[in-house]
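The following paragraphs lead the reader through a single structure, moving from one residue to its surroundings and then to charged pairs and annotated spans. Please keep the sequence and the coordinates in view while reading.

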Amino acid sequence: MSEAEPAPASASEAAAAAILDALNTTDSNGTEVLNATAKFVATPEGTALAYGSLVFMALLPIFFGALRSVDCSKSKELGENGSGSGFCNAADMPETITSRDAARFPIIASCTLFGLYLFFKVFSQEYINLLLSVYFFVLGVLALSHTMSPLISRIFPDSFPNKQFQLLFTQGSGESKEEIVNYEFDNKNLICLVVSSVVGVWYLLKKHWIANNLFGLAFALNGVELLHLNNVSTGCILLGGLFVYDVFWVFGTNVMVTVAKSFEAPIKLVFPQDLLEKGLQANNFAMLGLGDIVIPGIFIALLLRFDVR
């Protein structure tokens, strides 16, 4: 007589074995199904590092932008060719925001945001982001170059050969001649432009989060430096209007989040929550929009200019 076969497993045991086999199977690329579908959960250390870094990066452009806004304000008072110690030249004079501008800003921002939302819904996201990448590449190079110029000026000694250049475009002739572009720069500005262009090419090719943050910090610092509120009441109108704007578009609808996630441009600061696990190739980001830095920042810059006076 043959040896008795082992009794079949119960239905529950068979189901458990089938589930374990399914979880251990691999797809055509050799990746485990369980790992492919599992959602990343940030560790407490990674979350603390990410959000702490975002807070630190948010404070940097506010602090330095407010200090530089004081110099720009002095340069503006001395006139276009003033001899003040500020970093602003005739091409970088600050823009003053009036109470009327502040009241209209939430409406204009809402129309722009909703327009972008519709664009991403109707048109291909790939082509829109390609166009925006080129646009923000140019803006980012100029913003980063302007941000770096004081640092480059301090690094190079006074003996460094620094020739002056002027880019001038005019329209018409004689008494009707009108200046369209009048930009003065020197060798140090050219060095800033070259370094910024390298960062810009890096961003275009790799879309790396460090390059994104360099451009984002430059945009935020320039915004705090060059956007000036004319008085405290204008700042209150602006902050109050944008408070309602944020509450509606962030918590009332999914428009803000959708645009922020679809918009591949340096309009936000990002920091990976999985940096400790994956290093510089991390890709699970916490983010902070530049508007949340610039808008309070220009109010703080106004208070600093008031203190200086």
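In this predicted model, Asn213 is placed in helix α7. Its relative accessible area is 4%, and a residue counts as buried when that value is under 20%, so Asn213 is buried. Apart from neighbours within four places in sequence, Asn213 is in contact with Met57, Lys268, Leu269 and Val270.

The charged side chains come next. Side chains of opposite charge can pair when their charged atoms come close. The structure holds 4 salt bridges, of which three are described here.

One of them joins Glu264 and Lys207, with an N to O distance of 3.6 Å. Glu264 is located in the loop between α9 (255–262) and β5 (268–272), while Lys207 belongs to the loop between α6 (187–206) and α7 (209–226); the pair therefore ties together parts that are 57 residues apart in sequence. Glu264 is partly exposed, at 39% relative accessibility, and Lys207 is likewise partly exposed, at 32%.

A salt bridge within a single helix is formed by Arg104 and Asp101. Their closest N and O atoms are 3.2 Å apart. Both residues lie in helix α4 (residues 99–122), where a separation of 3 residues corresponds to about one turn of the helix. Arg104 has a relative accessible area of 41% and is partly exposed; Asp101, with 28%, is also partly exposed.

In a further salt bridge, Asp274 pairs with Lys278, and the closest N and O atoms are 3.6 Å apart. Are these two partners buried or exposed? Asp274 has 0% relative accessibility and therefore counts as buried, whereas Lys278, at 44%, counts as partly exposed.

The annotation may now be set beside the model. According to an unreviewed UniProt entry, the label "transmembrane region" covers residues 48–67, 102–120, 126–144, 211–229, 236–260 and 280–304. Two of these spans can be followed in terms of secondary structure. Residues 102–120 are 100% helix and 0% strand, and the C-alpha atoms at the ends of this span lie 28 Å apart. Residues 236–260 are 92% helix and 0% strand, with the end C-alpha atoms 26 Å apart.

The annotation also bears on residues already discussed. Asn213, which sits in helix α7, falls in the annotated span 211–229. Arg104, the partner of Asp101 in a salt bridge, falls in the annotated span 102–120.

Technical notes. Residues are numbered from 1 along each chain as its sequence is written. This is a predicted model: local features need pLDDT of at least 70, side-chain atom pairs count only at pLDDT 80 or more; totals for chains, interfaces and linings use all residues. Side-chain values use heavy atoms; hydrogens and water are left out. UniProt positions are given in the numbering used here, feature names are shortened, and annotations may be inferred rather than shown by experiment. Helices (H or I, at least four residues) and strands (E, at least two) are DSSP runs, numbered from the N terminus. A salt bridge is a side-chain nitrogen of Lys or Arg within 4 Å of a carboxyl oxygen of Asp or Glu. Buried means under 20% relative accessible area, exposed over 50%, partly exposed in between (1.4 Å probe, protein chains only). Contact means heavy atoms within 4.5 Å.
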